[in-house]
Structure formats: structure tokens, C-alpha cells
Amino acid sequence: MQIQFARILFTTVLMAGLAGCGGVEEDAQLATVRQAARGMDDERTPPRGLNGTSPACFWAHNTQKALRSLGNTALDQGAGFLPDIPLSQVSESCRPVLRSAVECALTPDQSVIDPVTGELYTGWWGLAPLWSSNVLDTSGRRYVTACMVQRLNYYGTSVPILLEGPSPVIAQNASFATQYPIEESTVFGDLFSSPVPLLGLLPAFSVFVCWESLLPQSCGLLGLPLLGKRICDDAPLCGLVAVGPCALSCVQNGPYWKCRPDLLAPLWTETVRVKLETATCQ
């Protein structure tokens, strides 16, 4: 009820206050590997990248069940293969969610093969590279979750983004300031450790989102409404909890934010900000 109330309250505030806001062979030698169509621009190196993951696929309970399972094992189960996740659990059209997890966690030098489709998933941001051979640790769970959420895009298009946060691999870099002047939001959460049962219309986990102070001015009428739409796609399973402006909801952590998932929790430092190009809001 708290999550639902927070979402309703968030929507109400936005509408009221935004008048000026914006099955494959196991033998690796015989596997047919199809390079995933990642669309990454060779010049757009990390921490820059693209979003475009479907929120409907991401929030689906079967997908979340698969992600929880992946977090409890190494991504590479031998010979470079991911654990077997059947199409009956995550359909081919929703496999980009699995690719997104790999791209957020591993480095460009690390790859794994989907044993069901034969797709090769190559890392990008490198927020949890040890997940390749180990269980995903707490820091990795939080960073990968935040990265995956920041890559959601209801509109089905791939938009250039820049990720920033305390992790050295996405540390703030002044050379990108001109290309990515719009600070949209900061996200934190942990989908992998969620105890929520995957039943009915319960969101699989709560993801906490605060918006950066200049988003309304930067994006005009589009900014905040598009933020909720981008992450949720109006899906009843969406676990978005909007906590308000980052400056009021979190604590400064150098150029980033550290935030609490609830009033009694310690501050989390594993937060991820997304920055956008100006054209994104036009």
C-alpha cells in the first residue's frame, strides 16, 4: 500500500505542479553465436551508452525471477555460457533485459553466451565485473539494479545517455558536460535481494528515484512526466517509488547522492545518475 500510495502521490504532485516543468547445443565448439545487435556507437565509450530496455519486459515477474536467480550464481557457467533461462520464462522479445544486466555488470572485454538463443552478450559499463565468475555481491546488486533501471525507455527507442556515480567506472568526467548537460534523475534499489513474492500485482521490488533539481527547467513541460513514463510504462507491476528532488531526499556525496531506501536504513552510496543530451527533451 505504501508503494502504491507513493506512486499516486507522485503522479498527483506532477500533474498539479508541473505547469512549468518539463535451445542450443551445449558444446561451445558447435554453438552458433549471433552477436547481439547492441547498436553501440564505437565513439560512445563508457560511461556513455544507450538506453532502450522495455519496462514491460523488465518488470514482468518471470523476468524478475530470472534476474534473482542469476544474481545467486556466476554469469559464466563454463565455456562462456550463461545459466539456462528458457524462453517460457523470458521470451525472445524480452531477452534484451538479460543483455542489459550483462552490459551493466561486465566490462567490454567480458562476454557470455545465452545458451538458449546463441546471442553473445558483451559487457559495457563494468559495474560488477566479478559477477562473471562469482555470486553478485551487495554493491554489485545495487549498482546493476540502478544501471538497468536508468536504461529503461518506454518509447522503444535507444537514447544516448551518460551514467554517473561513486563507482570509479562511472565517475563524473567534466569533458562530457557539454554533450550531456541535462541531469535527469538518480536511482537506487536492489532487485536481486528483494523478498517480495512474485504474485499477483505486487511489484517485484521497489526502485527509488529522485529527480535532479534542474530537470524541470532543462526539459520544460516534458521533464518529470517523461521520467515516470520512461521507467514504468504504466505497468501495474512497476515498483517506482519517487522520493522527490534529490537535494531534499538524499545527502550530498561529493558530486553524487547517497540515499536511504527507508527512514531507518543506512545511507546507500551505490546510486546511479543519468544525464541526457539536450535533444532528448525536444
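So, the crossing of helices H4 and H5: right-handed. And keep in mind that what we're looking at is a predicted model.

Let's find the two helices. H4 covers residues 96–105 and H5 covers residues 138–150. Their axes come within 9 Å, and they cross at roughly 125°. What do we call that arrangement, then? An angle between 115 and 145 degrees falls outside the perpendicular and antiparallel ranges, so H4 and H5 are oblique to each other.

Now, who's actually touching whom? On the H4 side you've got Val-97, Ser-100, Ala-101, Cys-104 and Ala-105. On the H5 side it's Val-144, Cys-147 and Met-148. And how many of those contact residues are nonpolar, polar or charged? Seven are nonpolar, one is polar, and no charged residue takes part.

Okay, on to H3, residues 61–71. Is this helix mostly covered or mostly open? Mostly covered: eight of its 11 residues are buried. If you want to click through them, they're His-61, Thr-63, Gln-64, Ala-66, Leu-67, Arg-68, Leu-70 and Gly-71. And here our pair comes back, since the cover over those buried H3 residues includes H4 and H5, along with helix H2, residues 55–59.

Last bit, zooming out to the whole chain. There are eight helices and 11 strands in there. The chain has 282 residues, and 54% of them count as buried. As for the outside, the chain exposes about 12500 Å², with carbon and sulfur atoms supplying 57% of that.

Notes. Residues are numbered from 1 along each chain as its sequence is written. This is a predicted model: local features need pLDDT of at least 70, side-chain atom pairs count only at pLDDT 80 or more; totals for chains, interfaces and linings use all residues. Side-chain values use heavy atoms; hydrogens and water are left out. Axes are lines fitted to C-alpha atoms, for helices over the stretch in contact, and angles run from 0 to 180 degrees between N-to-C directions. Helices (H or I, at least four residues) and strands (E, at least two) are DSSP runs, numbered from the N terminus. Angles under 35 degrees count as roughly parallel, over 145 as roughly antiparallel, 65 to 115 as roughly perpendicular and the rest as oblique. A crossing is left-handed if the near helix is turned anticlockwise from the far one by less than a right angle, and right-handed if clockwise. Contact means heavy atoms within 4.5 Å. Ala, Val, Leu, Ile, Met, Phe, Trp, Tyr, Cys and Pro count as nonpolar, Asp, Glu, Lys and Arg as charged, and the others, Gly among them, as polar. Buried means under 20% relative accessible area, exposed over 50%, partly exposed in between (1.4 Å probe, protein chains only). Accessible areas come from the Shrake-Rupley method with a 1.4 Å probe; for residues, only the protein chains shown count as cover.
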